[in-house]
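Me: I am new to this structure. Please pick one part, look at it closely, and tell me how the rest connects to it.

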Amino acid sequence: MSWIAASFLVLGLALVAGFAWYERSHPSARVLALVATLAALAALGRIAFAPLPSVKPTTDIVLLTGYTLGGAPGFAVGAVAALASNLFFGQGPWTPWQMAGWGAAGLIGAALAQLGGRELGRFALAAACAAAGLVFGAIMNFSLWVTYSGDHTLAKLGAVFTTSLPFDVAHALGNAAFCLAFGPALVRAL
């Protein structure tokens, strides 16, 4: 089995498990509507900020959803936002990786609520959003290495991480700025 096939098999299983977890939680109609609305908002945020490379409020919206509503809704918002926004940007082999990456941001938000409590301040949330942006970047860098590098050497993985560093830093800084601007208000609204 090739690297690409094996990675997509594991990735597919992870996405199926995440959506099954969300479905098994039997979300109420209120939570279901909130998840759909937040996924649409996250997708729209990605589309609206398309002219600014890597600066998108999507990661923040997903992380703060996980932080306030829990891991399963956070995962669902992230995965659906990636799928929905790629109806505009174009679907491809990157879409499941983006779904997993933003789903992971929702899980990070839920873990943050468990570890740090639900009363984190503006700067702690902004730091978590920046870190989630770096995690998302690492997942996408890994996906590029798996899908397109050919021989899968560590040198090529290092090259992918090095060349994407400015974009990953822009994503992290943009996430921090968006969270500082609207993060606590979104948490209070949810």
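What follows is a close look at helix α6 and the spaces, rings and residues linked with it.

Reply: A caution comes first. This is a predicted model, so every value below is computed from predicted atoms.

Helix α6 runs over residues 122-148. Start with its rings. F142 and W145 both sit in this helix, three residues apart. That spacing is about one turn of the helix. Their ring centres are 5.6 Å apart, and the planes meet at 45°. The pair counts as tilted because 45° is neither under 30 degrees nor over 60. How exposed or buried is each partner? F142 is partly exposed, with a relative accessible area of 33%. W145 counts as buried, because its 5% falls under the 20% cut-off.

That pair has company. The whole structure holds six aromatic pairs. Another of them joins F88 and F89. Here the rings lie edge-to-face, 5.1 Å centre to centre, with 85° between the planes. F88 is exposed at 55% relative accessible area. F89 is partly exposed at 34%. Elsewhere, F49, F178 and F182 form one aromatic cluster.

Now the largest pocket. About 470 Å³ of space lies in it. Its lining has 17 residues. Which of them lie nearest the centre? They are R46, S54, Q98, F136 and M140. Three elements each give two or more residues to this lining: α5 (95-116), α6 and α7. Helix α6 supplies the largest share, with six residues. The classes are mixed: seven residues are nonpolar, seven are polar and three are charged.

F136 leads on to another residue, H171. H171 lies in helix α7, which covers residues 154-189. H171 counts as buried, because its relative accessibility of 6% is under 20%. Its contacts reach well along the chain. Leaving aside neighbours within four places in sequence, H171 touches S54, T59, G133 and F136. Two of these contacts, S54 and F136, are also named among the residues nearest the pocket's centre.

S54 deserves a pause. It sits in the loop between α2 and α3. S54 is partly exposed, because its relative accessible area of 22% is neither under 20% nor over 50%. Its backbone stands out too. Most residues other than glycine have a negative phi. S54 has a positive phi of about 70° although it is not a glycine. H152 also has a positive phi, near 55°, and is not a glycine either. H152 is found in the loop between α6 and α7. Unlike S54, H152 counts as buried, at 14% relative accessibility.

Next comes an enclosed space. A search of the whole structure finds one cavity of 30 Å³ or more. The largest cavity has a volume of about 40 Å³. What lines it? The lining is P93, W94, W97, S143, L144, T147 and Y148. Helix α6 again gives the largest share, four residues. The classes here are five nonpolar and two polar residues, with no charged ones. The pocket, by contrast, has three charged residues in its lining.

Last, the packing. The largest nonpolar core has 31 residues. L38 and L125 have the most contacts inside it. Helix α6 is one of the elements that give two or more residues to this core. The others are α2 (29-48), α3 (58-69), α4 (71-89), α5 and α7. L38 shows how wide the links run. Not counting residues up to four places away in sequence, L38 touches I61, T65, L69, V77, L186 and L190. Apart from this core lies another, of 11 residues, including A82, M99, A100 and W102.

To sum up, helix α6 carries the tilted pair of F142 and W145. It gives the largest share of the lining of the largest pocket, and likewise of the largest cavity. It also adds residues to the largest nonpolar core.

Conventions: Residues are numbered from 1 along each chain as its sequence is written. This is a predicted model: local features need pLDDT of at least 70, side-chain atom pairs count only at pLDDT 80 or more; totals for chains, interfaces and linings use all residues. Side-chain values use heavy atoms; hydrogens and water are left out. Rings of Phe, Tyr and Trp (its six-membered ring) pair if their centres lie within 6.5 Å; planes under 30 degrees apart count as stacked, over 60 as edge-to-face and the rest as tilted. Buried means under 20% relative accessible area, exposed over 50%, partly exposed in between (1.4 Å probe, protein chains only). Contact means heavy atoms within 4.5 Å. On a 1 Å grid over the protein atoms alone, a cavity is a set of points where a 1.4 Å probe fits but cannot get out, and a pocket is an open set with protein on both sides within 12 Å along at least five of seven lines; lining residues have an atom within 4 Å of a point. Grid points are joined across faces, edges and corners, and a volume is the space filled by probe spheres set on the points. Ala, Val, Leu, Ile, Met, Phe, Trp, Tyr, Cys and Pro count as nonpolar, Asp, Glu, Lys and Arg as charged, and the others, Gly among them, as polar. A nonpolar core is a set of buried Ala, Val, Leu, Ile, Met, Phe, Trp, Tyr and Cys residues joined through side-chain atoms within 4.5 Å.
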